[in-house]
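Reader: I have a model open and would like to go through its helices with you. Could we start with the surface and then turn to the interior?

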Amino acid sequence: MMELGKPQVAAYYLEIASKDNDYEHIQEYINCLSNMMDPQALDVVNEVMEKSPKPETEDGIKQWNWHMAFLKRRKAYILIDNRNLDEAERLLREMKDDPLCKEFAEGELKYIEQLRNQ
């Protein structure tokens, strides 16, 4: 639906799909919201982060770590889009310690510096 230029329809169906708590469905829903610059995107990311308990299996932990890294990256992206640069910068500095986020964080910190110099 996004590719057909119908982001609201996509968001509707992706929200429903995300309720099954499948990481991929949740990520697609969050991507949709953030790409639409939907005002609820940050709230959805924060809620998912709070309600994503760490699993007990090794495989589950690996998937959960990747999912949490995705959520942090998306949160930083949304904060930057909303011009909450100080909060984004704090988050990105923390993310530099995470190997799954390090490269993204470094690039976004440079981008924030460019925005501040404009």
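Reader: Which residues of α6 are exposed?
Author: In this predicted model, Glu103, Lys110, Glu113, Gln114 and Asn117 are the exposed residues on one side of α6, the side away from the buried ones.

Reader: And which residues of α6 are buried?
Author: Ala105, Glu108, Leu109, Ile112 and Leu115 are buried. They lie on the same side of α6, because the arc they cover around the axis is only 120°.

Reader: Why would residues spaced like that point the same way?
Author: An α-helix has 3.6 residues a turn, so residues three or four places apart point the same way.

Reader: What covers the buried residues of α6?
Author: The cover includes α4 (58-81) and α5 (85-95).

Reader: What span should α6 have at 1.5 Å a residue?
Author: Helix α6 has 16 residues, 102-117, and should therefore span 22 Å; the end C-alpha atoms are 23 Å apart, which agrees.

Reader: Changing topic to α2: what span is expected there?
Author: The 13 residues of α2, 23-35, should span 18 Å at 1.5 Å a residue, and the end C-alpha atoms are 18 Å apart, so the two agree.

Reader: Which residues of α2 are buried, and what covers them?
Author: The buried residues are Ile26, Gln27, Tyr29, Ile30, Asn31, Cys32, Leu33 and Ser34. Helices α1 (7-18), α3 (41-50) and α4 are among the elements covering them.

Reader: What does aspartate 22 reach at the start of α2?
Author: A side-chain oxygen of aspartate 22 comes within 3.0 Å of the backbone nitrogen of glutamate 24.

Reader: And which residue has a positive phi just after α2?
Author: That is methionine 37, with a phi of about 55°.

Conventions: Residues numbered from 1 in each chain as written. Predicted model: local features only at pLDDT ≥ 70, side-chain atom pairs only at ≥ 80, totals over all residues. Heavy atoms only, no water. Helix = DSSP H or I, 4+ residues; strand = E, 2+ residues; numbered from the N terminus. Expected span 1.5 Å × (residues − 1). Buried < 20%, exposed > 50% of the residue type's maximum accessible area, 1.4 Å probe, protein only. Arc of directions from axis to C-beta. Contact = heavy atoms within 4.5 Å. Polar contact = N/O pair within 3.5 Å; in protein donor to acceptor, adjacent residues only side chain to side chain.
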